[in-house]
Structures are given as C-alpha cells and as structure tokens.
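Subject: Structure handover

Dear colleague,

Here is the structure I said I would pass on. My notes on it follow below.

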Amino acid sequence: MHGFWHRGKRIEVQVARWGLAALAVAALGSSSCAAHSAPRGAPRAADALAVETGATQDGTAHDGGAREQGPPAGTPVAASAPRRKAASDAPAGDANLSSALLLAAGPMPPPGLSSARDGERQRERQLALEALRSHGNALGAERLRAELRARLHAPAAERDWEAAAYVVGALRLAPLARDVAAGLDSDGRRAAVARRALHGMFGVWFEDRADFAPFEAIEDPTAIEPYATWLARQALVQEQRLADLWRLDPRSIEPYLGHVSPALRRKAAAALSNAVGESTLDSAFAAPLLFARAQSEHDGRAFCDQVDALTDVLQGSSAESEFVLAARAWLNSVGRDGPPEWMHCVARALAALPAGKPIARDASANGSADPVSPPALVDLDLLLARDAGLDHGDVDVRIGLIEAVRGLVARSAYRPSQADPAGRRVVARMIAIAGSPEQPTSARSAAAAALADLASAGDIAELLALLEGARSDAGLRFALLGALARVGVGLGAEDDRSRELARVAVKLLAEADVDVRRRALSLLSDPGVEANVAPVELVRAFAAESSAEMRGQLLALLQRSGRPEDIDTLLGESRLDEHAAISAARAAEVAETLLRLSGDDSERLLRGARCLVRAARLAAATAAAAAPAPQGVGVPVDAARLTRALELVARVAPDAAAALQGADHVWIVERVHELYAGGAVLRGSLPGAEEFLVRLVDVHLPAALAAEATPAAAARGARVLALARVELRAPRASVIETFGEAERLANAAGESALGRAVVRDRARYLAAAGSGAGALVDFRALLRGDAEAASGGAPMLHPSDLRTAAALARAEPPGTAEAALDAYGFARALVQHRAWRSEAPGLRQQDLVQLAECALASGDTAAMAQVHKELAELPTSPESAANGADRDPTQPLWAGLVGREEWRAALLDLDRRLAARLGAPPSNGGG
C-alpha cells in the first residue's frame with residue numbers, strides 16, 4: 001500500500017496485485033450472477049492497475065477507444081443480443097467463413113484517429129460484426145467456431161490470426177478464449193492483440209497465460225459483467241488518485257509506463273508529457289523513459305500516445321542532438337518495418353520532431369536559392385512509398401500520412417521547389433493519389449488539399465488535368481481548385497498558364513455546386529489571372545448567380561477590371577436592382593460598382609441612379625410586408641438607397657447636368673422631394689451635398705418647372721426649394737417666404753395634404769431655429785387638422801412632432817395653466833397616435849408621465865379625471881409586459897410600462913397625486 005497526503009487528506013493506492021482466481025471462481029459459482037452486485041468481501045479498493053474493464057458505468061470507452069462488448073452488466077443475454085437472422089439471410093454462395101467479412105469485422109480501427117473518426121470506424125466495425133454474426137448463424141455455431149479455431153492455429157497470415165482473435169473477443173465466443181489466450185505467451189504484437197481481444201470478452205487485462213488460467217472454465221462471459229463493472233468503478237477512483245499522486249510526485253509515474261493495461265500506459269505517458277510542459281519535471285528525465293517504453297510497446301493505441309508524448313517532451317531540444325537523431329532513426333525503422341496501421345502515428349511524430357532550418361542549395365549572397373527538403377520530408381516520402389505498395393492499405397492511415405506532410409510544411413514554412421527531389425517525389429505521390437479512381441474519395445480530396453501547400457506553378461497542367469477528370473466529385477474539385485488558386489498566385493497576365501486558369505474559372509462559374517463556384521472565384525483573385533477574364537463574362541456570371549455573397553464578389557471584380565461600356569450589359573442583363581434591395585451592404589456594392597464604372601458619363605450615371613431607386617422601392621415594399629406599419633401610418637422611405645442614387649446624380653459634370661433633358665430634371669427633383677418627404681436630409685449623408693444643393697436650386701429646379709409646369713409640380717418644386725434653402729442655411733426670411741409660397745401653390749393646386757406637409761416642414765424649421773411661438777402656431781393648426789381627419793389617412797404630425805410641440809407649449813408662456821393645458825392637448829394626441837404603441841417602452845413611459853404632469857399643471861378637472869381613469873388598475877408590484885399586449889390599442893396606456901420598479905413607482909405616484917387633486921381614492925386601490 002502506497003500512501004501520500006494531498007490537500008489535507010490521506011490518499012492510498014493499492015499496488016499489490018490481488019488474485020484474479022477469486023473473480024473467476026465467483027463467476028463460476030452461479031449462472032445467474034449477472035444480476036448480482038459486487039461480491040461480498042471484495043477489497044474496498046480493487047487493483048485497477050491489474051484489472052481494467054475498459055468501460056465506465058455508462059458503457060463508454062475507458063481506454064480511449066470504443067469497447068467491443070456484449071450486453072450491459074445485469075442484462076439477460078437473450079434480451080440484449082442482436083436479432084438472430086435465419087440461414088436464408090446469410091450471404092449466398094459461401095459455405096465457408098467469409099475471409100473478407102472476417103477482415104472487415106475483426107481488426108480494430110487504426111490507432112491515433114480523432115475521437116469522431118474513431119467512433120465512425122467503430123460503428124462500421126460493429127455493422128460488419130453483425131453481418132459476421134448472421135453469417136455464422138447460417139454456418140452453424142460449431143462450424144463458425146471450427147473456422148475461427150483453424151485460423152487461430154494455422155493462419156494464412158498474421159493478419160488472419162489477429163482478425164480471428166478480435167472476432168472471438170467481440171462476439172464473446174468463450175469456447176475459443178483459451179485458443180486466443182495461447183497468444184499471451186507470445187512475444188510482441190501477438191500478445192498485445194490477445195490481451196485486447198480477451199479484454200473485449202472479459203473486461204480484464206491479462207499479463208500472461210497464467211493470469212488467464214482461472215478464466216478458462218467460464219462458458220458465459222456475461223457472468224463476470226457485474227464484477228467487471230464494479231472493478232471499472234474502482235478503476236476510475238484509482239485513476240483519480242494516481243493523477244493526484246502524479247501531480248505531486250511526477251517521478252512516481254515511471255512504474256506505470258509499463259503497466260499491463262494499455263489504457264494506464266497511455267495516461268502515464270500523457271501525465272509525463274504534461275509534467276514536462278508544466279516544468280515540474282525535466283525533459284532529460286522524461287524523454288529516455290518515454291523512448292524506452294515506446295520501443296517496447298506493441299499495443300497500437302498506447303504506441304501512438306507514447307510517441308506523441310515523446311515528441312512533445314523533445315520540443316525545444318536541438319535538432320542535431322544525439323537523442324533526437326536516435327529517436328528519428330528508430331521512428332524510421334518502425335515506419336519501414338512496423339505495423340502498417342501505425343505509419344501515420346510515426347509520420348506525425350517524425351514531422352513534429354525538432355528540425356533545423358532547411359539548408360539552401362547553392363545559396364547565393366542574396367539568399368534566393370531553393371531550400372533542400374527538411375530531413376522529415378524525406379522520411380515521410382518513404383512512408384508514403386510504403387503505403388502505396390501495400391495491398392490492403394487503410395484509408396485513414398493514408399490520410400494521416402498526408403496530414404503529417406501538411407503539418408510539416410506548415411511548421412517549417414517550406415514549399416517544395418522544382419529543383420527539390422524529395423519535394424517533387426511527395427508532390428508526385430499526392431497527384432497520383434488524387435488522380436486514382438481506385439482510391440477512396442476522402443483520400444483523394446485530402447491529397448488534393450495537400451497540393452495547395454506542396455505544388456508549384458509547374459504543376460498547374462497536371463492539376464488542371466485532375467480537375468477535368470473529377471467532374472463527378474464536387475469535394476475533389478473543391479480541393480483541386482483551392483490548390484490551383486494557391487499555386488497560381490504571382491503568374492503574369494501574359495503567362496499561358498494564367499490564360500488557362502482564367503478560362504477554367506469562367507467555365508466553372510456556371511457550375512451548379514455553389515462551393516465549386518466559390519472556389520472558381522478564388523482563382524480570379526490573382527491579378528494575372530483576372531486580367532485574362534473579359535468583364536462581360538463576369539457580368540453574365542452575375543446575372544446567373546443565385547448566391548448574394550458571390551454576386552458581391554463578382555461586383556468587386558468588376559470594380560477592378562470593368563469598363564464604362566460594361567455598365568450597359570450589367571444594367572441590361574442582370575437583376576442589379578434586386579441585388580441592391582437585399583441589404584444595405586449589397587446596395588453599397590452596387591452603388592460602388594456603378595460609380596467606378598460610369599466615370600463621368602451622365603447617361604450611365606442616371607441609369608445607375610434609376611436602378612438604385614428601383615432597389616429602394618423593392619426594399620421598402622419588402623420591409624412593409626415583413627413588418628406592417630400601424631394602420632394609417634405611411635410606409636417609410638428607403639432613404640439610404642435614395643441617397644446613393646442621388647450620389648450618382650451628383651457625379652454628373654456641371655456642363656452635362658445643364659444639358660440634361662427636361663424629363664431627367666423632373667426625375668431628379670421628384671427623387672429629392674421623395675427623400676425630403678420621408679424626413680431625410682442630404683447634408684451629412686450625401687458626399688458633396690452643398691455643391692449638389694446649389695446645382696439643385698440653380699439648374700435642376702428651374703429646368704424641371706419649365707418641363708412640367710403643372711400646379712402640383714410647381715408646389716412640390718417650391719417645397720424642395722424651401723428645404724434646400726434650409727440645408728444651405730439661407731436667411732430665415734427667405735426660407736419662411738419660400739415655405740409660404742409652397743403652401744400657397746399646394747392649396748391652389750388642390751393638394752391639401754401637400755400644403756399641410758409644407759406647414760409641418762415650416763414648424764420643424766422654426767422649432768429648430770428657436771422660434772417656438774411661430775412653430776406652435778403651425779403645430780396647433782396641424783393638430784386641429786389631424787383631429788378633423790382622424791378617421792381618414794395618416795396623421796400629419798409624427799410622434800416626434802407632438803413631443804416637440806408639447807415641450808414648446810409648456811415653455812411658452814412659462815408656468816401658466818393655459819400653457820400646460822395646451823401641452824396636455826399635444827401630449828394627449830401623442831398617446832393616441834396610431835404609431836405610439838410601436839415605439840420604445842422607455843420613450844412611451846416618459847410620454848405617459850408627461851401626460852399626467854401636464855394634466856396636473858393645467859388644473860383642468862376633466863383632463864385630470866381622464867388620466868386618473870387611464871391609470872386604473874396599476875399593479876402594486878413590477879410585472880413583465882405580456883407578449884405584444886402593450887401594442888394592443890384595447891390595453892391600458894400603461895401596458896408594458898410597469899416591468900421596471902422605477903417606472904411603476906413613478907406612475908403610482910402620479911396616480912396618487914391625481915387622486916388627491918380630484919378628492920378621489922387612488923384608482924389602484926390605495927397602492
């Protein structure tokens with residue numbers, strides 16, 4: 001017993017092995033022991049270092065891989081066994097055990113895979129095991145065992161013996177357990193396979209044949225499940241205690257590096273590496289231990305973890321140190337002669353070992369010579385060659401080798417050159433894998449992706465040939481296009497390879513797969529390739545493209561390479577307005593493209609502006625359909641797109657502007673009027689706004705009025721003139737005079753709504769200019785008009801206008817009841833406005849407080865009684881607003897405004913004050 005103190009508690013670890021015979025005898029004692037709990041008298045802390053079930057309580061893998069296991073502990077075998085298929089379900093035409101099926105179901109997945117991929121491989125293996133089980137049922141139990149026994153005693157190859165052993169363990173064929181156990185006394189790999197196979201059957205790691213002897217008489221492995229499950233729980237406790245021990249005393253890890261359980265060996269290796277990383281252990285102590293352990297390791301999963309830990313520990317060592325050179329030489333020998341399914345682990349370790357900077361071949365003074373391949377690349381090339389020569393290579397091992405090459409290249413910032421023999425060999429191997437139809441798709445795609453890091457411009461022809469031959473594989477084409485985009489960087493526009501890349505990219509822009517089209521666009525990112533694409537091809541691709549993101553990329557390309565004449569095709573063949581209507585960002589893409597391509601061509605600038613106006617219409621209609629405005633509230637104007645349209649108009653040269661047709665001037669004035677009618681301004685949003693406003697007043701307005709001399713057009717023109725003079729900061733007198741003329745013209749033309757809009761413009765102008773009295777005159781007139789037309793169209797005064805008017809009324813004349821009553825009228829109109837309930841809760845709460853305060857300040861009994869009534873049933877504690885209830889006009893005014901304590905308290909206080917002034921009890925019952 002080994003003990004230590006940690007955080008005030010004594011932690012004990014039992015390291016003496018206790019007899020497995022007792023476990024086997026207990027299992028033999030009762031055929032129903034699968035339903036029993038742990039045996040009476042069992043040790044409090046089982047020796048998890050000698051017995052490991054490999055599964056936690058929930059059945060998940062305990063040693064880093066999926067466990068081959070039968071039914072859960074405590075479950076009758078018949079209840080959990082897979083459905084037994086009839087002999088007619090077995091594969092036809094094979095009276096013997098299928099070797100192909102055995103090799104699919106038997107071997108474990110390669111070690112060192114990601115958790116996700118390992119899980120996939122375990123599921124694939126489980127399906128093969130089920131098929132093998134059905135095949136065995138067709139053969140008969142005795143025949144199946146005889147076939148397996150024959151392979152265990154006289155295998156055609158070692159891989160047949162391993163497959164048979166793993167199948168025996170996975171299918172839990174107890175009568176064959178002793179045949180597998182014979183391998184425990186073998187040297188090396190066969191013993192490791194036997195241990196893992198028997199572990200799959202019994203959940204115990206056996207050291208040798210003597211360890212297994214007590215289990216030979218067990219006919220039903222499920223009988224041991226309760227004991228194995230109990231031991232697994234103890235193993236978890238012991239592992240945690242060991243982890244604590246290892247953190248306190250890293251040197252205590254050493255004995256466990258050679259433990260019988262490969263799972264514990266893996267954890268010990270990782271703990272040793274972590275201790276070095278945390279500087280609690282010196283690498284000079286850890287590296288030899290890991291090296292020695294890895295050299296004697298025969299379990300694949302443990303081997304991969306040990307060499308990963310070794311390379312981690314060696315980081316920071318000199319690439320030329322004796323130990324690193326020895327580790328590299330040994331790894332090369334394992335890669336050359338070891339199990340093929342370990343090669344990717346070896347490759348990963350070779351790529352991660354410290355390596356010096358590549359030495360330049362014939363280095364010149366300026367250092368421009370090509371580098372020699374790093375030694376690791378030569379090593380990985382040999383591993384790739386061995387993998388290519390295998391008759392039964394594993395796809396995940398092959399992908400692992402490819403990823404190791406990519407990792408090496410990324411770490412060393414190395415790219416093979418045409419003069420680098422090893423690099424050229426690796427490139428050739430990748431091209432061979434990517435171009436072989438016999439290779440799995442995943443391996444072909446991985447090789448193609450690696451070529452992005454390895455290939456050079458001299459490989460473009462071969463890459464294009466691979467691309468042409470991969471028409472039916474979108475994933476492979478995607479990877480090859482990524483490689484072509486990388487190796488095509490820097491080619492000159494006159495290079496034939498640039499022309500060929502441009503031709504291929506344009507052709508692929510018509511592909512159905514969006515990812516292929518996206519990669520085709522990446523080919524055009526290089527200036528040399530882009531220069532060989534006719535802009536008209538980009539325009540046609542834009543017209544056919546369904547992805548908004550890719551249409552934006554095409555527009556970006558057009559901005560760089562397009563010509564003014566391409567505007568005509570772009571506006572004529574594409575849905576440019578629809579693209580601009582998608583979002584503000586898309587509208588900006590369109591506007592920038594039109595601005596760059598149009599130059600100073602007035603006709604094209606106006607055509608582009610009209611396109612953006614159509615986009616504004618589409619965007620406004622879409623927004624109105626998605627979120628309808630309250631009844632009687634007009635659809636808001638899309639000011640952003642209208643402003644971008646006027647930006648194109650403003651780019652027209654002065655001489656060209658004066659020479660525009662009358663209809664063009666009318667269209668420009670109408671668009672400015674539309675923008676002003678929505679409450680927008682040009683100054684601050686339109687580049688060169690002042691210059692454009694001057695031209696609007698001096699050129700566009702007079703020409704528009706001359707072309708369209710109707711009274712309504714004159715009234716709209718006068719309104720535009722007035723608001724333009726406001727933005728130009730003209731003298732107040734001239735602005736007021738222009739507003740008056742616009743009002744007169746509108747009324748004379750029978751455009752009463754336009755006349756009232758002019759009055760509202762003037763009121764806003766006067767309020768902003770500090771003339772409250774004049775603004776109030778207009779606001780009162782507009783309020784009366786809105787009251788008279790309450791059942792008609794949209795009210796002229798917006799909520800913001802009513803807030804402004806209420807504030808002006810309370811301030812002038814200051815402090816009088818009449819002013820307060822006037823303010824109350826505006827505040828009352830505000831809370832009854834059709835759009836009020838759609839505004840922000842904080843703003844509405846302030847409006848409701850202002851309404852009550854105005855009623856109190858006015859002293860008007862009717863006003864106070866009305867507000868007092870509207871504050872009825874205020875809750876006495878904060879409550880959340882119901883979903884949408886505050887927007888329902890049938891709900892109280894305070895609905896949705898009492899969720900915050902300070903808001904509710906303010907309204908309750910106002911209600912009490914109103915009740916006191918009226919001599920009535922508070923409407924909330926006393927609050």
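Which helices are among those that cover the buried residues of helix 26? The cover includes helix 23 (514–523), helix 24 (527–530) and helix 25 (535–544), and also helix 27 (564–573), helix 28 (576–580) and helix 29 (584–598). The buried residues of helix 26 are Met 550, Arg 551, Gly 552, Leu 554, Leu 555, Leu 557 and Leu 558. Helix 26 itself runs over residues 548–561, 14 in number, and its first and last C-alpha atoms lie 20 Å apart, close to the 20 Å expected at 1.5 Å a residue.

Please keep in mind that this is a predicted model. The mean pLDDT of the protein chain is 83, with 84% of the residues at 70 or more. Residues 1–19 have pLDDT below 50, and this stretch makes 46 contacts in the model beyond near neighbours in sequence. Residues 359–370 also stay under 50, and there the model has 15 contacts beyond four places in sequence.

Helix 16 covers residues 375–389. At 1.5 Å a residue, its 15 residues should span 21 Å, and the end C-alpha atoms are 22 Å apart, which agrees. Ala 376, Leu 377, Asp 379, Leu 380, Asp 381, Leu 383, Leu 384 and Asp 387 are buried in this helix; the list holds three aspartates, Asp 379, Asp 381 and Asp 387, beside the leucines. Among the elements that cover the buried residues of helix 16 are helix 14 (322–337), helix 15 (343–352), helix 17 (395–412) and helix 18 (421–434).

Helix 17 also takes part in the largest pocket, where it supplies at least two lining residues. That pocket holds about 1200 Å³ of space. Its lining has 38 residues, of which Pro 107, Met 108, Arg 159, Glu 341 and Asp 394 are the closest to the centre. By type, the lining divides into 19 nonpolar, four polar and 15 charged residues. Helix 3 (99–105), helix 4 (115–139), helix 8 (189–202) and helix 13 (300–314) are also among the helices that each give at least two residues to the lining. Helix 6 (158–171) gives the most, with five residues.

One loop position is worth a line. Gly 750 sits in the loop between helix 36 (732–748) and helix 37 (752–768). Is Gly 750 buried or exposed? Gly 750 counts as exposed because its relative accessible area is 58%, and the cut-off for exposed is over 50%. Its C-alpha atom is separated by 8.8 Å from that of Pro 711, 39 residues away along the chain.

Regards

Methods
Residues are numbered from 1 along each chain as its sequence is written. This is a predicted model: local features need pLDDT of at least 70, side-chain atom pairs count only at pLDDT 80 or more; totals for chains, interfaces and linings use all residues. Side-chain values use heavy atoms; hydrogens and water are left out. Helices (H or I, at least four residues) and strands (E, at least two) are DSSP runs, numbered from the N terminus. The expected span of a helix is 1.5 Å times one less than its number of residues. Buried means under 20% relative accessible area, exposed over 50%, partly exposed in between (1.4 Å probe, protein chains only). Contact means heavy atoms within 4.5 Å. On a 1 Å grid over the protein atoms alone, a cavity is a set of points where a 1.4 Å probe fits but cannot get out, and a pocket is an open set with protein on both sides within 12 Å along at least five of seven lines; lining residues have an atom within 4 Å of a point. Grid points are joined across faces, edges and corners, and a volume is the space filled by probe spheres set on the points. Ala, Val, Leu, Ile, Met, Phe, Trp, Tyr, Cys and Pro count as nonpolar, Asp, Glu, Lys and Arg as charged, and the others, Gly among them, as polar. pLDDT is the predictor's confidence in each residue, from 0 to 100.
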